[in-house]
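Trainee: I should like a close look at a single part of this structure, set in the context of the whole. Please choose one element and describe its surroundings in a connected account.

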Amino acid sequence: MDTEGKSALEPRRKSDDVSLDKYYAPIDSFEGRHRYDPKATWTKEEEQSLIRKLDVRVCFYCCLMFFALQNDRSNISQALSDNLLDDLGLNTNDYNTGQTIFYVSSLCAELPSQLVSKKIGPDNWIPIQMICWSIVACCQAKLTGRATFFLTRSLLGIIEGGFIPDVILYLTYFYKSKELPLRLSFFWGAYGCTFIISAFLAFGILHLRGYEGLTGWQWLFALEGGLTALIGIFSW
């Protein structure tokens with residue numbers, strides 16, 4: 001991609017000068033190098049059709065993955081309404097400390113996560129992240145006290161750290177610079193939708209309190225963590 005934000009995959013005419021193709025050619029180690037064809041041609045209609053398919057198959061699923069991330073991040077506040085602190089023998093200071101641990105851990109993991117993503121590819125790293133943090137999210141159903149609460153908050157922060165920039169990097173593989181802002185608006189729109197949908201999910205799940213001897217917050221962590229695992233598996 002050049003400094004003007006033009007992609008080598010833009011529609012071109014057969015009469016176009018191909019003398020600059022060597023400047024557009026990906027490096028040999030690029031995973032899509034074998035698909036690069038400087039002589040390929042297509043119409044604007046064909047490109048628009050492809051973009052619509054990408055919106056459904058790529059952008060929509062990225063929004064769904066972001067929903068899973070925010071759902072697992074925010075369900076701790078909904079668990080509070082089901083007497084989480086009393087059941088674990090914690091107080092609000094313990095909760096605030098746990099949240100601080102989560103955000104500090106997430107911040108520290110940002111750069112390492114992005115380096116891993118760049119090394120193995122976000123298409124491989126993102127599903128690994130989702131499955132790993134879904135396991136931790138489900139394990140929150142077995143919290144026993146302050147130590148396990150702090151431990152799971154730290155693990156969630158470490159694993160989830162870097163997820164958002166990883167997904168944005170993944171989107172840049174499919175969209176040009178002028179196409180990306182609209183898709184990012186969809187992506188961040190999923191953030192607001194998460195609070196609405198997760199509230200309705202929590203309302204129903206927390207009513208399972210007492211079923212099979214589990215509290216409502218235990219069902220909340222187990223079921224929503226399982227949902228994230230399914231999304232992660234299908235995103236592979």
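**Helix H7 and its surroundings**

Mentor: From the N terminus on, the elements of the protein follow the order α-α-α-α-α-α-α-α-α. The model is a predicted one, and its count of secondary structure elements is 9 helices and 0 strands. Taken along the principal axes, the box filled by the C-alpha atoms is roughly 75 × 30 × 25 Å. The protein has 236 residues, of which 42% count as buried. Among contacts between residues at least 6 apart in sequence, 76% join residues that are at least 24 apart.

The part I have chosen is helix H7, which spans residues 163-172. Its buried residues are Phe 163, Ile 164, Asp 166, Val 167, Tyr 170 and Leu 171. Viewed down the axis of H7, these buried residues fall within an arc of 160°, and they therefore line one face of the helix. What does this buried set pack against? The partners are H2, helix H4 (92-120), H5, H6 and H8.

One of these partners, helix H8, covers residues 180-206. H7 and H8 pack at an angle of about 145°, and their axes lie 11 Å apart. The crossing of H7 past H8 is right-handed. On the H7 side, the contact is made by Ile 164, Val 167, Ile 168, Leu 171 and Thr 172; on the H8 side, Leu 180, Leu 184, Phe 187 and Trp 188 take part. By residue class, this contact comprises 8 nonpolar residues, 1 polar residue and no charged residue.

H7 also takes part in the nonpolar interior. The largest nonpolar core contains 28 residues, and Phe 163 is among those with the most contacts inside it, together with Cys 62, Met 65, Ile 126, Met 130, Trp 133 and Tyr 175. At least two residues of this core come from each of H2 (44-80), H5 (122-139), H6 (146-160), H7 and H8. H2 supplies the largest share, 11 residues. Trp 133 is instructive here: leaving aside its neighbours within four places in sequence, Trp 133 is in contact with Phe 163, and also with Ala 68, Leu 69, Asp 72, Leu 156, Ile 159, Glu 160 and Thr 228. There is also a second, separate core of 18 residues, whose members include Ala 79, Leu 88, Ile 205 and Leu 220.

The approach to H7 from H6 deserves attention in its own right. Gly 161 is located in the loop between H6 and H7. Is Gly 161 buried or exposed? Gly 161 counts as buried, because its relative accessible area is 0%. Leaving aside neighbours within four places in sequence, Gly 161 is in contact with Ser 106, Ala 109, Glu 110, Ser 113 and Gln 129. The C-alpha atom of Gly 161 is separated by 34 Å from that of Gln 48, a residue 113 places away along the chain.

Ser 106, one of the contacts of Gly 161, belongs to helix H4. Ser 106 is buried because its relative accessible area, 7%, is under the 20% limit. Apart from neighbours within four places in sequence, the contacts of Ser 106 are Arg 73, Gly 157, Ile 158 and Gly 161.

A further serine can be placed beside Ser 106. Ser 74 is found in helix H2, and its relative accessibility of 11% is the reason why it counts as buried. With neighbours within four places in sequence set aside, Ser 74 is in contact with Phe 195 and Ser 198.

Finally, two loop residues have a backbone feature to note. Asn 83, in the loop between H2 and helix H3 (84-88), has a phi near 65°, a positive value in a residue other than glycine. Its relative accessible area is 39%, so Asn 83 is partly exposed. Glu 212 lies in the loop between H8 and helix H9 (216-234), and its phi, near 60°, is again a positive value in a residue other than glycine. Glu 212 is exposed, because its relative accessible area is 60%.

To return to H7: its buried residues line one face of the helix, and they pack against H2, H4, H5, H6 and H8.

Terms used: Residues numbered from 1 in each chain as written. Predicted model: local features only at pLDDT ≥ 70, side-chain atom pairs only at ≥ 80, totals over all residues. Heavy atoms only, no water. Axes fitted to C-alpha atoms, helices over the stretch in contact; angles between N-to-C directions. Helix = DSSP H or I, 4+ residues; strand = E, 2+ residues; numbered from the N terminus. Left-handed = near helix turned anticlockwise from the far one by under 90°. Contact = heavy atoms within 4.5 Å. Nonpolar A, V, L, I, M, F, W, Y, C, P; charged D, E, K, R; others polar. Core = buried A, V, L, I, M, F, W, Y, C linked by side-chain atoms within 4.5 Å. Buried < 20%, exposed > 50% of the residue type's maximum accessible area, 1.4 Å probe, protein only. Arc of directions from axis to C-beta.
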